[in-house]
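Welcome to a short set of exercises. Keep the sequence and the 3D view open while you work, and try each task before you read its solution.

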Amino acid sequence: MAAIKIRYWLPVLFFMGFIFFMSSRRGEDIPSVFLYQDIVFHFGIYAMLGWSFGRAVFFEKPALAFFKIVCRCGIFGLLYGISDEYHQRFVSGRTCDVFDVSIDTVGSIMGGFIVRWLK
């Protein structure tokens with residue numbers, strides 16, 4: 001049973017670690033590839049985080065209502081987004097931005113919806 005739990009929660013930890021790693025990069029080290037890439041990257045990675053979190057929650061509590069899973073994904077994305085933005089305050093060339101937190105939250109909610117779609 002523990003190995004199965006790890007199978008579902010490991011992707012959550014992976015995406016959290018990846019976000020932390022990318023947030024630790026200095027602002028000057030991030031090339032500008034296309035317009036609004038920051039929004040696309042935030043939304044995309046937090047959608048994957050929300051999906052993996054929602055998938056793990058669904059595994060833990062399969063009878064939980066879909067709406068509650070999506071709400072938990074949103075709350076989790078909001079809290080992790082806040083901690084991520086706070087962390088960026090201490091990285092050279094990076095800033096703490098409330099708009100990024102809102103994009104992170106929307107991405108996490110969308111990830112929760114994807115759980116339902118893929119289920």
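## Exercise 1: Gln 37 and the loop before it

Gln 37 belongs to helix H2; helices (H or I, at least four residues) and strands (E, at least two) are DSSP runs, numbered from the N terminus. This is a predicted model, in which local features need pLDDT of at least 70 and side-chain atom pairs count only at pLDDT 80 or more, while totals for chains, interfaces and linings use all residues. Residues are numbered from 1 along each chain as its sequence is written, and side-chain values use heavy atoms, with hydrogens and water left out.

**Task.** Is Gln 37 buried or exposed, and which residues is Gln 37 in contact with, leaving aside its neighbours within four places in sequence?

**Solution.**
- Step 1. Buried means under 20% relative accessible area, exposed means over 50%, and partly exposed lies in between (1.4 Å probe, protein chains only).
- Step 2. Gln 37 has 9% relative accessibility, so it counts as buried.
- Step 3. Contact means heavy atoms within 4.5 Å. Leaving aside neighbours within four places in sequence, Gln 37 is in contact with Ile 30, Pro 31 and Ser 32.
- Step 4. Now look at Tyr 36, in the loop between H1 and H2. Tyr 36 is exposed, because its relative accessible area is 58%. Tyr 36 also has a positive phi of about 65 degrees, although it is not a glycine.
- Step 5. Asp 29 lies in the loop between H1 and H2 too. With a relative accessible area of 32%, Asp 29 is partly exposed.

## Exercise 2: A histidine in H2

**Task.** Where is His 42 found, and which side chain does a polar contact of 2.6 Å join to that of His 42?

**Solution.**
- Step 1. His 42 is found in helix H2, which covers residues 37-60.
- Step 2. His 42 has a relative accessible area of 8%, so it is buried.
- Step 3. A polar contact is a pair of N or O atoms within 3.5 Å; within protein, one must be able to donate a hydrogen and the other to accept it, and residues adjacent in sequence count only if both atoms are side-chain atoms. The partner of the His 42 side chain in the 2.6 Å polar contact is the side chain of Asp 104.
- Step 4. Setting aside neighbours within four places in sequence, His 42 is in contact with Asp 84, Glu 85, Asp 100, Ile 103 and Asp 104.

## Exercise 3: Counting disulfides

**Task.** How many disulfides does the structure hold, and why is there no bond between Cys 71 and Cys 73?

**Solution.**
- Step 1. A disulfide is a covalent bond between the sulfur atoms of two cysteines. Here it is counted as a pair of cysteine sulfur atoms within 2.5 Å.
- Step 2. The closest cysteine sulfur to that of Cys 71 is in Cys 73, 9.2 Å away, which is too far for a bond.
- Step 3. The structure therefore holds zero disulfides.
- Step 4. The two cysteines also have their own accessibility values: Cys 71 is partly exposed at 31%, and Cys 73 is buried at 0%.

## Exercise 4: The nonpolar core

**Task.** Which element gives the largest share of the largest nonpolar core?

**Solution.**
- Step 1. A nonpolar core is a set of buried Ala, Val, Leu, Ile, Met, Phe, Trp, Tyr and Cys residues joined through side-chain atoms within 4.5 Å.
- Step 2. The largest one has 15 residues, and those with the most contacts inside it are Val 12, Ile 19, Tyr 46, Leu 49 and Phe 53.
- Step 3. Helix H1 (2-23), H2 and helix H3 (66-88) each give two or more residues to this core. The largest share, six residues, comes from H2.
- Step 4. Take Phe 53 as an example: apart from neighbours within four places in sequence, Phe 53 is in contact with Trp 9, Val 12, Arg 72, Cys 73 and Phe 76.

## Exercise 5: A glycine in a loop

**Task.** Where does Gly 93 lie, and is Gly 93 buried or exposed?

**Solution.**
- Step 1. Gly 93 lies in the loop between H3 and helix H4 (98-118).
- Step 2. Gly 93 has 57% relative accessibility, so it counts as exposed.
- Step 3. Beyond neighbours within four places in sequence, Gly 93 is in contact with Gly 27 and Glu 28.

## Exercise 6: The whole chain

**Task.** How many helices and strands are there in the chain?

**Solution.**
- Step 1. There are four helices and zero strands, and from the N terminus on the elements run α-α-α-α.
- Step 2. Buried residues make up 35% of the 119 residues.
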